[in-house]
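Me: I am a first-year student, and I would like a close look at a single part of this protein, the place that the record marks as a binding site. Could you take me through it slowly, together with what lies around it?

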Amino acid sequence: MSSLPAPREPLRRVAVTGGTHGNEMCGIYLIRHWLQAPGELQRASFSAMPVLANPAATAACRRYVDRDLNRTFTLTLLSSTATPSDPYEVTRAQELNRLLGPKGTDQAFDFVLDLHNTTANTGVCLISEASHSAFSLHLCHYLQLQSLGVPCRLLQYETSGKETYSVESVSKDGICLELGPQPQGVLRADLFSQMRTLVASILDFIELFNQGMAFPAFEMDIYRVLGSVDFPRTADGDLTGTVHPQLQDHDFEPLRPGEPIFKLFSGEDVLYEGNSTVYPVFINEAAYYEKHVAFLKSERIRVQVPALPGLTSSSTLAP
């Protein structure tokens, strides 16, 4: 993975976004707190800006108003001519692009950390585009070394041939932090505290990088998205079964050919018919029912990550 890009200048313009989905409560309430008391986001070389990404959906405690904001940051939508009939999230994405971007330009923010909750049993999960891997992999490894008491996994997705569409894609680099399980519209104190600690550690890592620290090479396992699997359905789209008890809550654990994945309402088991072992993620995620996704399939890959050199003393000087 030696060809992956890595930033060679300090990350001065950093944002932490929450409420991209208006019913994922940890990020929402952390952002609301930091908007009133931003001291936790201050570091010597930068101060991260808190942003409530989708205020209308947050006020309604809904994932979105008109369309999924986290699928709306394509250049096509961001550059479209505004009209009064535009979906709310298209208008909001254009506003965020002006604030944090413009996407694909030198004026864009250096780094965006987007905070999410999931109803699935993912634990701590970082999600990145493959093109952002170098810095993201070192960030994930740094969190793994912090003795947080839970695994920290990195899930990569490819967007080859497609436009990137997530909030953090507006910035030069960025990552999504997923934390679960937590029901939609519910705030759990343990996950709230855990996310707060993780954000602090991520900002600490950026600060160490800005101050010129070099990070050595290492090996780690990552998970790469292969595709998705839908629920069993009728021709009209109604469910005929749901996630099998042997699969439920086993995110990031191996699923082998012939093992059960669904339990039909008739009582029969549906078995996984793939040719190789995969690692399901976002199993039975509530928000994915409308997307016809029962879980994502991923492959586990062992990667050798090259060292992240320290920045030169001239580039680490305060602006």
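Reply: What follows goes through the annotated residues one by one and then turns to the cavity and the active site.

Please keep in mind throughout that this is a predicted model. The UniProt annotation "binding site", which comes from an unreviewed entry, covers H21, E24 and H116. These residues span 96 residues in sequence, yet no two of their C-alpha atoms are more than 7.5 Å apart, so they gather at one spot. Of these residues, E24 is included in the lining of the largest cavity, a point to which we shall return.

Let us begin with H21, which is placed in the loop between β1 (14–18) and α1 (25–36). Its relative accessibility is 3%, and because buried means under 20%, H21 counts as buried. Leaving out residues up to four places away in sequence, H21 touches I28, R62, R63, D68, N70 and H116, and H116 is itself covered by the "binding site" annotation.

E24 also lies in the loop between β1 and α1, and with a relative accessibility of 7% it counts as buried. When residues up to four places away in sequence are not counted, E24 touches R63, H116 and N117. With R63 there is a further detail, since the side chain of E24 makes a polar contact with the side chain of R63 at 3.4 Å. R63 is also among the residues that H21 touches.

Now to the cavity. The structure holds 1 cavity of 30 Å³ or more, and the volume of the largest cavity is about 60 Å³. Its lining is made up of N23, E24, M25, R63, N117, T118, T119, Q182, P183, Q184, E285 and A287, so that both partners of the side-chain contact just described, E24 and R63, appear in it. By kind, the lining residues divide into 3 nonpolar, 6 polar and 3 charged.

Finally, the same kind of record, again an unreviewed UniProt entry, places the feature "active site" at E178. This residue lies in strand β6 (residues 173–180), and at 9% relative accessibility E178 counts as buried. Not counting residues up to four places away in sequence, E178 touches H116, N117, T118, G123, V124, C125, I127 and F282. Among them, H116 belongs to the annotated binding site, while N117 and T118 are part of the lining of the largest cavity. In this way H116 links the parts of the picture, as a residue touched by H21, by E24 and by E178.

How values were computed: Residues numbered from 1 in each chain as written. Predicted model: local features only at pLDDT ≥ 70, side-chain atom pairs only at ≥ 80, totals over all residues. Heavy atoms only, no water. 1 Å grid on protein atoms, 1.4 Å probe; cavity = no way out; pocket = protein on both sides within 12 Å on 5 of 7 lines; lining within 4 Å. Points joined across faces, edges and corners; volume = space filled by probe spheres on them. Nonpolar A, V, L, I, M, F, W, Y, C, P; charged D, E, K, R; others polar. UniProt positions renumbered as here; feature names shortened; annotations may be inferred. Helix = DSSP H or I, 4+ residues; strand = E, 2+ residues; numbered from the N terminus. Buried < 20%, exposed > 50% of the residue type's maximum accessible area, 1.4 Å probe, protein only. Contact = heavy atoms within 4.5 Å. Polar contact = N/O pair within 3.5 Å; in protein donor to acceptor, adjacent residues only side chain to side chain.
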